[in-house]
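Got the viewer open? Here is a short walk through the model, with what to select at each stop and what you should find there.

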Amino acid sequence: MTVLTNRQTTAPAPQPAPRRSLGAVVKAYVALTKPRVIELLLITTLPVMFLAAGGLPPLWTALGVMLFGTLSAGSANALNCYIDRDIDVKMRRTRKRPLARHQVTPRNALIFGIVLGVLSVLGMWLTANLVAAALNLSAILFYVFVYSMFLKRRTSQNIVWGGLAGCMPVVIGWSGITGGLEWTPLVLFGVVFFWTPPHTWTLAMRYKEDYAAAGVPMLPVVATERRVLVHSIVYTWLTVLCSLLLWPVAGTTLLYPVVAIVLGVVCLWEIHRMLARLNAGKTGVDLRPMRFFHWSNAYLALLFLAVAIDPLLA
């Protein structure tokens, strides 16, 4: 009989997974909420509350809307990470997200997103009013079910209609102060609605290989660069024109229209420069799409800063 040695029969003991520090765990869950996206949403929320209040908004209400608006956006983003976990691993821009790196389990991410959503709606109701809470809930549901689960992977117009969720902080901020809606917040809603497609499409131009690999039909993936830029120019013009409507609708001082005109001219100049580069034979990164992407961030922030300052001067 052959005698097996201990070396032949003993399997190597499995190594326990290294324990992660509390700080690393917290960092992973915070990353699920996409803090940089939340910052952009809050930029449009607080100024609208100044406009709705005709000056400084009530402190308690403003803090409540900002806090629970943050939880609302964090909920939608965490649930988006849960839904997109299969494609995030395929994209350079998203492969470092917590689910793609297995820092958080899908089950825990789903529970985390739902808990944040429930807390955000209840908190908005208690600190603001039922209208703001209902709009808050509708924003989460729209982003998760309409954009993330239906539109994103089915149509090149995904961000056009999916962007409606990103417009909701404007009306939530207004209703949080007034308890209702008027034409003024709807004008600003329109500004964010028209601003979103060119902002997102220029980012997608830079990362279109990622979206193509993940099977997401963003417009730059399925259309020519010329078509993308023409669409972006149309939406940028609509953004600027819509921004100017706030002057007569809200009865602002001259500060707001002056700022809106200056910012709009620069924004239009940048997007038309991209088309000029294309006409000159440049393509891809040489079109400098990220330049417009970063400028569009600054445009929205500075425009809404003017929205906040203007009622303080009236």
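## The whole chain

Start with everything shown: of the 314 residues in the chain, 49% are buried. Keep in mind that this is a predicted model. Switch to cartoon and you'll see 15 helices and zero strands. Along the principal axes, the C-alpha atoms fill a box of roughly 100 × 55 × 30 Å. If you draw the contacts with a separation of 6 or more, 73% of them join residues that sit 24 or more positions apart.

## Stop 1: helices 4 and 6

Select residues 59-83, which are helix 4, and residues 106-127, which are helix 6. Their axes are 8 Å apart, and the packing angle is about 155 degrees. Over 145 degrees counts as roughly antiparallel, so that is how helix 4 and helix 6 run relative to each other. Look at how they pass: the crossing of helix 4 with helix 6 is left-handed. Now colour the contact between them by residue class, and you get 14 nonpolar, eleven polar and no charged residues.

## Stop 2: Ile172

Next, pick residues 164-178, helix 9, and zoom in on Ile172. Is Ile172 buried or exposed? Its relative accessible area is 6%, so Ile172 is buried. Show what surrounds it: leaving out neighbours within four places in sequence, Ile172 is in contact with Val65, Met124, Ala132, Leu135 and Asn136. Try the distance tool on Ile172 and Met124: they are 48 residues apart along the chain, and their C-alpha atoms are separated by 9.4 Å.

## Stop 3: the nonpolar cores

Which residues have the most contacts inside the largest nonpolar core? Select Leu188 and Tyr299; the core they belong to has 63 residues. Stay on Leu188 and bring up its surroundings. Setting aside neighbours within four places in sequence, Leu188 is in contact with Val48, Leu51, Val170, Leu246, Phe304 and Val307. Apart from the largest core lies another one, of eleven residues, including Met91, Tyr211, Val216 and Phe293.

## Stop 4: helices 10 and 13

Now take residues 183-206, helix 10, together with residues 225-250, helix 13. The two axes come within 8 Å and cross at roughly 160 degrees, so helix 10 is roughly antiparallel to helix 13. Their crossing is left-handed. In the contact of helix 10 with helix 13, count 19 nonpolar residues, seven polar and one charged.

While you're here, click on His199, which lies in helix 10. With a relative accessible area of 8%, His199 is buried. What does His199 touch, not counting residues up to four places away in sequence? You should find Leu40, Phe292, Phe293, Ser296 and Asn297. Phe293 may look familiar: it was one of the residues of the eleven-residue core at the previous stop.

## Last stop: a loop

Finish at Ala100, in the loop between helix 5 (85-88) and helix 6. Ala100 has a relative accessible area of 13%; under 20% counts as buried, so Ala100 is buried. Set neighbours within four places in sequence aside, and Ala100 is in contact with Asp88, Val89, Thr94 and Arg95. One more distance to draw: Ala100 and Val89 are eleven residues apart along the chain, with 5.1 Å between their C-alpha atoms.

Notes: Residues are numbered from 1 along each chain as its sequence is written. This is a predicted model: local features need pLDDT of at least 70, side-chain atom pairs count only at pLDDT 80 or more; totals for chains, interfaces and linings use all residues. Side-chain values use heavy atoms; hydrogens and water are left out. Axes are lines fitted to C-alpha atoms, for helices over the stretch in contact, and angles run from 0 to 180 degrees between N-to-C directions. Helices (H or I, at least four residues) and strands (E, at least two) are DSSP runs, numbered from the N terminus. Angles under 35 degrees count as roughly parallel, over 145 as roughly antiparallel, 65 to 115 as roughly perpendicular and the rest as oblique. A crossing is left-handed if the near helix is turned anticlockwise from the far one by less than a right angle, and right-handed if clockwise. Ala, Val, Leu, Ile, Met, Phe, Trp, Tyr, Cys and Pro count as nonpolar, Asp, Glu, Lys and Arg as charged, and the others, Gly among them, as polar. Buried means under 20% relative accessible area, exposed over 50%, partly exposed in between (1.4 Å probe, protein chains only). Contact means heavy atoms within 4.5 Å. A nonpolar core is a set of buried Ala, Val, Leu, Ile, Met, Phe, Trp, Tyr and Cys residues joined through side-chain atoms within 4.5 Å.
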